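Me: I should like to learn how to read an interface, a pair of packed helices and an unusual backbone geometry. Please take each topic in turn.

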Amino acid sequence: MSFQVTEDPQVAVHAEGEIDLSNVGEFALALDEAVRKSPKGFIVDLSDTTYIDSAGVQAILVAYGKVRNNNGRIALVLGNENIRLVLGVANLHVLPGMSVSEDVDSARRAVASEAE
Amino acid sequence: MLFGSTAAVDHGRPPSRQLPAWVGYPVAVALEVVVTAILLLIQPYLPLGGYPVYYFLTTMVVAYYFGAGPAILAIVLGLFVYDYFFVPPLRTVFPSAETPVAWAGVVAYIVGTITVAVATVLIRRSKHRAERTADRLRDSEERVRVAVEAADLGTWDLDLVNDVAVRSPRHDEIWGYSEPQPEWGLEIAMQNVLPEDRPLIREAYERGIETGVLSHENRIVWPDGSIHWIAANGRFQYDSEGRPVRVVGVVADITERKKAEEAVLSQAELLLAIIDNIPVYIVIWDGQLKQFQFNEAFRRDMGWTEADAAEGDFMEKVYPDPEYRRQVEEYMQSLQPGFRDLKTTTRDGREVDVAWANVQLTGDRSIGIGINISDRKKAEEERAARAREVQDANEQLAASNEELAVTNEELEVTTEELRQEVEERNKTEAALREEQAHKLDFYRRTIEAATDGKLIVTERPEIEKLTGPPIASWEVLDSGDLKTVRHGFEATARSVGIDQSRLGQVVVAVGEAVTNAVKHARTGEASLHRTDGSLMLTVSDRGPGIPALALPDVALRPRFSTAGTLGMGYKMMIRFADRVYLATDDEGTVVALEFHISDQVRS
């Protein structure tokens, strides 16, 4: 599992592999770093994530809360149907300031629009 | 001979048959008459000269056998008879002579008979004296022999120049030889002496040469190997130049005496050991209470020594009070039987309770035997004090009993009130428990209804009935094992025909169940079961369990968690499993997820 924080130009957290209780701490640190770098919003790229449990969902919601304090946005990039179902249980897709995209470009646009 | 090796000893001499002294006088008269008659008879036929000679012989015989008195009688009588019959003029009673020759005969008679009588008496006395000396010597030898035999002594006479000893048979017996030895001397004797005792004998001889007296006691080894004690005593004899040439002495077997001495010594040591180690006081005193001896226990406990007792009045030190001391002294001198308790003062001024008993010893000495009864006295005092306390307590109890009688009545009333209160409380608790059971049952039914029958709150045994034996199991020790369980379940599920399109959701449900175990109990155990048409994953932990009243929130309220986390685990399990069974109490939680093998993907 690897978590990378990139700026191109928007800040993005790229998670690859499985996210569960054993590595959710690293995932949360990456999200914190992204919040510090871009308090108004960033991309969470889960297109290469093969598994996420409720702990991973909780980490995203914590980061979402911090971004929402700045009226920012988090754009989720989902590639796996199972990931989508899990996040759906938590109703993340209906939260204000939270968008779900099929690809990174869509997500960039969503974040850029929020920044404008 | 006293020291002959084989000399026979005369055991006695028959007493002399001596005639009474007065017999000599008639014998003297008779002999004079007989001699004169014989001379007169033979004179006509055999003219003899020197008639006085025959009277000399007669006087000598009388003097020899009967002594001076009869001899004088014989001389006087003979003078008259000789003069009457043989000196002219004949037949004159008183001595008279006609011629010088006749006078010479008379004088010769007188001088001759007196001389013979005196000489004979002297010889007789000398003979008697020699006989008496010989008698005394025999008597002395007899006494020595008897003494030697009575003392069971062996005798010996050692020629120091030639180292040859003449011994009695008993001597050799004492040295262990039943038969007399052919040769014996100092060197031979030394070979029979225990080697470590030989220097003692050499020293005794060196000392004896100077003092003239030999005396030593030593051990010897008999031919049979046994060891015996002997005592030898002797006297040295020296030549004209003062060189020792002979030792004469006796030897005795003192083995029995030595054994007796050792036994006495051993008994004395034992007695001393007992006296000094026995835990009682022993004091010996004289009749005047001036001299004292103590045993070790008395010295140790009381502090007094014999030196203390020798200085001044010891009784005053031990019993300072004059009146008390007087009573004690009377008791000590009266030697009354039995024990008497006395307060005895120690050297450092303490008073110790001692029970003393007195015993009279030989002479004017007495012995006191004391037992320290301080502890007993203390116990008696404590017992008496306890008895007083008990008596006081009894009196107080008697007084309290009356108060208690009143209090008991009050207590009976109070107890009845308490009993009613407890009964009321038990009823209340029972009602509460019943209410809680109703509430829990209501919650179960509500949860089951709200989840459309997908979450069933049940009991542990019910889940065990549903699952049956496992086909795979995993131990979950920390979060690192979550992935292992998920992948293991996924592989098994795939092999048994779980719909591939649903597999990811199934894995999510399994992951949430195992994650809950790690999150709430740190460890857990997961097992996979195959039932008719279903796969069942059971996850059990030993965590604190879910409170019964929180079950609706855990199962139904969005984002509720008892662990402070997001609380979506059960929602996901309910969403992705076909049925969730939950059994939880304060000993842990068991979650069973049921997946129908033939189900289609749920959107």
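Reply: What follows treats the interface, the helix packing, the backbone and the salt bridges of this predicted model.

Me: How many residues of chain B are in contact with chain A, and how many of chain A with chain B?

Reply: On the side of chain B there are 27 residues in contact, and on the side of chain A there are 17. About 1700 Å² is buried between the two chains, and 63% of this area is on carbon and sulfur atoms.

Me: How many salt bridges and polar contacts are found between chain B and chain A?

Reply: The count of salt bridges between the two chains is 2. In one salt bridge, the side chains of A:Asp20 and B:Arg486 meet at 2.9 Å, N to O. Polar contact across the interface of chain B and chain A is found for 4 residue pairs.

Me: Which elements of chain B give two or more residues to the side that touches chain A?

Reply: They are helix 15 (482–496), helix 16 (503–521) and helix 18 (569–576) of chain B. Helix 16 of chain B gives the largest share, 9 residues. By residue class, the side of chain B that touches chain A holds 8 nonpolar, 11 polar and 8 charged residues.

Me: How is the packing of two helices described?

Reply: The general description uses the angle between the two axes and the distance between those axes. In this structure, helix 15 and helix 16 of chain B pack at about 145° with their axes 9 Å apart, and their crossing is right-handed. Helix 16 and helix 18 of chain B likewise pack at an angle of about 145°, with axes 8 Å apart; the crossing of helix 16 and helix 18 of chain B is left-handed.

Me: Which residues meet in the contact of helix 15 with helix 16 of chain B?

Reply: From helix 15 of chain B, the residues include B:Val485, B:Arg486 and B:Phe489, and from helix 16 of chain B they include B:Val507, B:Val510 and B:Val514. This contact divides into 10 nonpolar, 2 polar and 3 charged residues. B:Arg486 is also the partner of A:Asp20 in the salt bridge between the chains.

Me: Which residues meet in the contact of helix 16 with helix 18 of chain B?

Reply: Among them are B:Val508, B:Ala509 and B:Glu512 in helix 16 of chain B, and B:Tyr570, B:Met573 and B:Phe576 in helix 18 of chain B. The division here is 7 nonpolar, 3 polar and 1 charged.

Me: What should one expect of phi and of the peptide bond in general?

Reply: Most residues other than glycine have a negative phi, and most peptide bonds are trans. Here, the peptide bond from A:Asp8 to A:Pro9 is cis, with omega near -15°. A:Pro9 belongs to the loop between strand 1 (2–7) and strand 2 (11–19) of chain A. B:Pro88 and B:Pro89 are also joined by a cis peptide bond, with omega about -5°, and B:Pro89 lies in the loop between helix 3 (68–86) and helix 4 (100–150) of chain B. As for phi, B:Asp152 has a positive value of about 55° although it is not a glycine; B:Asp152 lies in the loop between helix 4 and strand 1 (153–159) of chain B.

Me: How many salt bridges are found in the whole structure, and why are B:Arg145 and B:Glu142 separated by about one helical turn?

Reply: The search over all chains finds 46 salt bridges. In one of them, the side chains of B:Arg145 and B:Glu142 meet at 2.6 Å, N to O. These two residues are separated by about one helical turn because they are 3 residues apart in helix 4 of chain B.

Notes:
Residues numbered from 1 in each chain as written. Chains lettered and ligands numbered in written order. Predicted model: local features only at pLDDT ≥ 70, side-chain atom pairs only at ≥ 80, totals over all residues. Heavy atoms only, no water. Contact = heavy atoms within 4.5 Å. Buried area = accessible area lost by both parts, 1.4 Å probe. Salt bridge = Lys/Arg side-chain N within 4 Å of Asp/Glu carboxyl O. Polar contact = N/O pair within 3.5 Å; in protein donor to acceptor, adjacent residues only side chain to side chain. Helix = DSSP H or I, 4+ residues; strand = E, 2+ residues; numbered from the N terminus. Nonpolar A, V, L, I, M, F, W, Y, C, P; charged D, E, K, R; others polar. Axes fitted to C-alpha atoms, helices over the stretch in contact; angles between N-to-C directions. Left-handed = near helix turned anticlockwise from the far one by under 90°.
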